[in-house]
Each structure stands twice: as C-alpha cells, then as structure tokens.
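The following exercises concern salt bridges, helix packing and aromatic pairs. Each task is followed by a worked solution.

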Amino acid sequence: MQPRNMSMSGVVDLAAVKAAQEAKAKAEQARAEAARQGGGPGAVSPADLVIDVDEAGFERDVLQRSTEVPVVIDFWAEWCEPCKQLSPVLEQLVLEYNGRLLLAKIDVDANQMLMQQFGVQGIPAVFAVVAGQALPLFQGAAGKEQIQQTLDQLVQVAEERFGLTGLTVDPDAERGAAPQPAAVPAGPYDALLEAAVRALDAGDFGGAVQAYKNVLSDDPGNSEAKLGLAQAELLQRVQSLDPQRTRKEAAEKPGDAQAQIAAADLDLVGGHVEDAFGRLIDTVRRTAGDERDTVRIRLLELFEVVGADDPRVAAARRALSRALF
C-alpha cells in the first residue's frame, strides 16, 4: 500500500484564515485557562511523548493535549505487518522532535469507534490533531525521510498558524509527570455497588442498571461499575425474550440484524461466548451502513460483559477488524 496525502494538503486547507484563527484562539484560551488554574504544561519525560490512547481517554489525551502540542495519531493493529514497520519509525521520529510532537497510538481492534470517526479505510493510517482539528497525514507504510518531511510541515503549520510551540522535555523527569486536568475525586461507591448487586440478585435489572449508572456519572473510569452495567443491561434485554421464538427467527432470518443481536444475547447469557461473537461477526459481514454499525456496537458491548482480558475477546476483535476491512 502506497502512502497518501504526504503533501500535508489537509493541513494547508485547514489553515485557511478563518478556520486557523478560530482554532488558534481556542488553543490560546485553553492554555490561558490551564495556566490560570495552575495546570499549565510542565516538563515531561521522553517516555511521555509516546502514549497508548483508547476511546475513554481520547478527549483528555488527544483533544485537550492538542491545544499544547500537535498530536500525531498512529492507527495500528497487532496483526498488521506494515504497522510493525511504521510504528517504530514514528516513535523514533517523535522522540527526535523533543517535545514539539506527541504520538498517540490507537489499536483499531480495541477502539473501532475512533477508527470510524476518523474514516480510516485501512491501516496503518496516520492522522494529526492540532488545536482540536483532525488532519489526515498519510495511509500505509512510508520511508523515514518522507515521514520526516510531513512532520516538519506539521510542526511548522502548528507553530505559525496555531501558536503551538510544544512541550518542555526533561530527560530526568519521571514518566507521567505531565500535569493532567483535575479529575473528579472518586467517592465511596461501596453502598451503590452493593445496592446494584442486591438488585441483580432480586431480578431488578432496571434498578441495577440505574445504580451502576449513578456510580459512572461521578466516576466514569470505575471498572467494577462498567462491568456490572454491561452485565445488568444484558440481563435486562434477555428478560423479555422468548428463547425458542428468538432462536427460530434468527435461524430463519440470517440477514436480520435485530434477530441475530437478540440471539447473540441469549447465546452469551447461556455461556456460549464464541457462538455469540461468531454470530455477530457473521452479521457484520452480511450487513452495511447503520444496520452494520448497530451490530458492531452490540458486539463491543458483549466484549465488555466478557472482559477485555479474555482471549476469546481478543480473537473476536481480530475477526471483527477483518470483517470490517
């Protein structure tokens, strides 16, 4: 696959006077507000210049940081051989820019919503975000010299058009020392989590869903509440299903997305994990557009129920990526 958009035409287009001035103003306002609150950019370690990013942390780690430094995004996957050639080159180059760029690595298998939002058609794919604006850079493997020319242009445009001068790098700084936006303090959620478990035991799945949502509204990263919510919502969905009728409809209508989704829910509740995943992956192959996206989202929800560390989830993510591409 040959690299595309190596001329940085996307950045030039975006830097039309009005768009550039608006983005620059927003970036300056964000930096001023951070400085006012004592959270302005400080020294970071070289290791902090290359980060793994997921959907949950995208706003904080990419959008917010892009008001301080251009963020290069590397969309990759473990099974992608060209990615294994490109990623080390990007990492090395970003370190050589000594804080004028940040590299965010996004695994498409685990973050397919981001892949779709950026319109990624194949990997590796490289984008940038500058002052909150997404810019296409290139797709496919490329030589170091070509990539460096592209990054040189990115740094120049970011500084001249958006006023982004980058981060201060201290080789002696500890990893993770860069200031982050103040997080909402985690509260004592034991009572809410216990209430959710009691509701589940009593068959009150709606009550359990609400209890878990109450926790997540204050603490979006609470892993116990995330898992509990995914399980409670699954149980709530299958509560009203007639298993025999649901499976009959799925067998008679292999191309019906809703029939397959309902049957997959039953599969998972019954402990047939591979069957549930396989059913939805096959449905992704058969469908398109909004219907396909609905199936994909349900599959990602079932991944949450089983847990990201389960090898069956990892295998299904790879199969889903192949089906989407």
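**Exercise 1. State how exposed Lys84 is, then characterise its salt bridge with Glu81.**

Step 1. Lys84 has a relative accessible area of 42% and is therefore partly exposed; buried means under 20% relative accessible area, exposed over 50%, and partly exposed in between (1.4 Å probe, protein chains only). The model is predicted: local features need pLDDT of at least 70, side-chain atom pairs count only at pLDDT 80 or more, and totals for chains, interfaces and linings use all residues. Residues are numbered from 1 along each chain as its sequence is written, and side-chain values use heavy atoms, with hydrogens and water left out.

Step 2. Glu81, at 48% relative accessibility, is also partly exposed.

Step 3. The two side chains meet in a salt bridge at 3.4 Å, N to O; the term denotes a side-chain nitrogen of Lys or Arg within 4 Å of a carboxyl oxygen of Asp or Glu.

Step 4. Glu81 and Lys84 are 3 residues apart in helix H4 (residues 81–96), so about one helical turn separates them. Helices (H or I, at least four residues) are DSSP runs, numbered from the N terminus. An α-helix has 3.6 residues a turn, so residues three or four places apart point the same way.

**Exercise 2. Describe the salt bridge between Glu252 and Lys248, and place the pair in its helix.**

Step 1. The side chains of Lys248 and Glu252 meet at 2.6 Å, N to O.

Step 2. Both residues belong to helix H10 (residues 243–252), where a spacing of 4 residues puts about one helical turn between them.

Step 3. In the whole structure, a search finds 18 salt bridges.

**Exercise 3. Analyse the salt bridge of Arg237 and Asp265, and name the network to which these residues belong.**

Step 1. Arg237 and Asp265 form a salt bridge with an N to O distance of 2.8 Å.

Step 2. This pair links distant parts of the chain, with Arg237 in helix H9 (residues 223–239), Asp265 in helix H11, and the two positions 28 residues apart.

Step 3. Arg237 is partly exposed, at a relative accessible area of 22%, whereas Asp265 is buried, at 2%.

Step 4. Salt bridges join Arg237, Asp265, Arg298 and Glu301 in a network.

**Exercise 4. Test the length of H9 against expectation, then describe its cap and its buried residues.**

Step 1. The expected span of a helix is 1.5 Å times one less than its number of residues. For the 17 residues of H9 this gives 24 Å, and the end C-alpha atoms are 24 Å apart, which agrees.

Step 2. At the N-terminal end of H9, Asn222 acts as a cap, with a side-chain oxygen 3.2 Å from the backbone nitrogen of Glu224.

Step 3. The buried residues of H9 are Ala225, Gly228, Leu229, Ala230, Ala232, Leu234 and Val238.

Step 4. Their cover includes helix H7 (190–201), helix H8 (205–218), H11 and helix H13 (289–306).

**Exercise 5. Locate Ala257 and Arg296, and list what each residue touches.**

Step 1. Ala257 lies in helix H11 (residues 257–269) and is buried, at 2% relative accessibility.

Step 2. Residues up to four places away in sequence being left out, Ala257 touches Thr283, Glu291 and Val295; contact means heavy atoms within 4.5 Å. Ala257 and Thr283 are 26 residues apart in sequence, yet 6.6 Å apart in space, C-alpha to C-alpha.

Step 3. Arg296 is in helix H13 and is buried, with a relative accessible area of 1%.

Step 4. Beyond its neighbours within four places in sequence, Arg296 is in contact with Gln112, Met113, Gln116, Val284, Leu320 and Leu324.

**Exercise 6. How many aromatic pairs are there?**

Step 1. Rings of Phe, Tyr and Trp (its six-membered ring) pair if their centres lie within 6.5 Å; planes under 30 degrees apart count as stacked, over 60 as edge-to-face and the rest as tilted. By this rule there are 5 aromatic pairs.

Step 2. Phe118 and Phe127 form an edge-to-face pair, 5.2 Å centre to centre with 75° between the planes. Phe118 is buried at 16% relative accessibility, and Phe127 is buried at 12%.

Step 3. Phe277 and Phe303 form an edge-to-face pair at 5.0 Å centre to centre, with 85° between the planes. This pair links distant parts of the chain: Phe277 is in helix H12 (residues 273–286), Phe303 is in helix H13, and they are 26 residues apart. Both Phe277 and Phe303 are buried.

Step 4. Ring pairs also link Phe58, Phe75, Phe118 and Phe127 into a cluster.

Terms used: Polar contact = N/O pair within 3.5 Å; in protein donor to acceptor, adjacent residues only side chain to side chain.
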